[in-house]
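Student: I've got a chain open on my screen and I'd like to talk it through with you. Can we start with the terms and then work our way in?

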Amino acid sequence: MKIYIGFFICFIGLVSCSNDDDTTVVMNTDLIGKWQLIEQLVDPGDGSGTFQPVDSQLTIEFFDNGTVISTNGSLCNMFTVSQDISSGTFSLDNNTINIGCDDDVITIFFEKNGSELILNFICIEACAQKYKKVL
């Protein structure tokens, strides 16, 4: 009888185990989607800069697999207007985007403020871009 009880306990233990090895990453966030550049921070060098409207077709799109792509412009240099595309990854843990540029990977910090997304570039003077969600 003790053997049957032992087998029964082992059987229950095996049946109750689950397979948690699912490697699919799905991000449940309102960051996912396409964002369009609407303003750029302009600073004269004394910290008094403000966001100014821009006419731009630059968009960035965040995907639920942790990747990001810019279209109609590159995130490698915020001061250069180009038709280049840049791509990389983003992290919600530390609010960063890592973009592969010519010889380097640059890190851009982001913050979501209501319906706006602000990208803070690493610069000597303050430099940032503001985006609104379009999709």
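Tutor: Sure. One cut-off before we start: buried means under 20% relative accessible area, exposed means over 50%, and partly exposed is in between. Keep in mind that this is a predicted model.

Student: With that cut-off, is N95 buried, exposed or partly exposed?

Tutor: First find N95, which is in the loop between β5 and β6. Its relative accessible area is 31%. Buried needs under 20% and exposed needs over 50%, so N95 comes out as partly exposed.

Student: What is the phi of N95 in that turn?

Tutor: β5 and β6 make a hairpin, with four residues between them. N95 is not a glycine, yet its phi is positive. The value in the turn is about 50°.

Student: Let me zoom out for a second. How many helices and strands does the chain have?

Tutor: Read the elements from the N terminus and you get α-β-β-β-β-β-β-β-β-β. The helix comes at the start of that string, and strands follow. The count is one helix and nine strands.

Student: How do β5 and β6 run relative to each other, parallel or antiparallel?

Tutor: Look at the bridges: four of them join the two strands. In one place, F90 stands opposite I97 in β6. The sense of β5 and β6 is antiparallel.

Student: And on the β4 side, which residue in β5 is the bridge partner of I69?

Tutor: β4 covers residues 67-71, and it pairs with β5 over four bridges in the antiparallel sense. I69 has its bridge partner in β5. That partner is S87.

Student: Now the aromatics. What kind of pair do F62 and F90 form?

Tutor: A search of the whole structure finds two aromatic pairs. In the one between F62 and F90, the centres are 5.0 Å apart and the planes are at 85°. Planes over 60 degrees apart count as edge-to-face, so with 85° the F62 and F90 pair is edge-to-face.

Student: How many residues apart in sequence are the parts that this pair ties together?

Tutor: F62 lies in β3, residues 59-62, while F90 lies in β5, residues 86-91. Because the two rings belong to those two strands, the pair links parts separated by 28 residues.

Student: Are F62 and F90 buried or exposed?

Tutor: The cut-off for buried is under 20%. F62 has 1% relative accessibility, and F90 has 6%. So F62 counts as buried, and F90 also counts as buried.

Student: Which residue joins F62 and F90 in a ring cluster?

Tutor: Ring pairs link F62 and F90 into a cluster with one more residue. That residue is F110.

Student: How many residues does the largest nonpolar core have?

Tutor: Start with the residues that have the most contacts inside the core: I60, F62, L75, I97, L117, L119 and Y131. The elements giving two or more residues to this core are β1, β3, β6, β7 and β8. The core's size is 20 residues.

Student: T96 sits beside I97. Which side chain does the T96 side chain make a polar contact with?

Tutor: T96 lies in β6, and at 6% relative accessibility it counts as buried. Leaving out residues up to four places away in sequence, T96 touches several residues, including T89, F90 and F110. The side-chain polar contact is at 2.7 Å, and the partner is N94.

Student: What about S74: which backbone nitrogen does its side chain reach?

Tutor: S74 is in the loop between β4 and β5. With 13% relative accessibility, S74 counts as buried. At 3.0 Å, its side chain reaches the backbone nitrogen of C76.

Student: Last loop: how far apart in space are Q57 and G73, C-alpha to C-alpha?

Tutor: Q57 is found in the loop between β2 and β3, and it is exposed at 51% relative accessible area. Leaving aside neighbours within four places in sequence, Q57 is in contact with Q36, T71 and N72. Q57 and G73 are 16 residues apart in sequence, and their C-alpha distance is 7.8 Å.

Student: And which ring does the charged end of K130 sit over?

Tutor: The charged end of K130 is 4.4 Å from the centre of a ring. The ring belongs to F51.

Terms used. Residues are numbered from 1 along each chain as its sequence is written. This is a predicted model: local features need pLDDT of at least 70, side-chain atom pairs count only at pLDDT 80 or more; totals for chains, interfaces and linings use all residues. Side-chain values use heavy atoms; hydrogens and water are left out. Rings of Phe, Tyr and Trp (its six-membered ring) pair if their centres lie within 6.5 Å; planes under 30 degrees apart count as stacked, over 60 as edge-to-face and the rest as tilted. Buried means under 20% relative accessible area, exposed over 50%, partly exposed in between (1.4 Å probe, protein chains only). A charge sits over a ring if NZ of Lys or CZ of Arg is within 6 Å of the ring centre and within 35 degrees of the ring normal. A nonpolar core is a set of buried Ala, Val, Leu, Ile, Met, Phe, Trp, Tyr and Cys residues joined through side-chain atoms within 4.5 Å. Contact means heavy atoms within 4.5 Å. Two strands pair if DSSP finds at least two bridges between them. A polar contact is a pair of N or O atoms within 3.5 Å; within protein, one must be able to donate a hydrogen and the other to accept it, and residues adjacent in sequence count only if both atoms are side-chain atoms.
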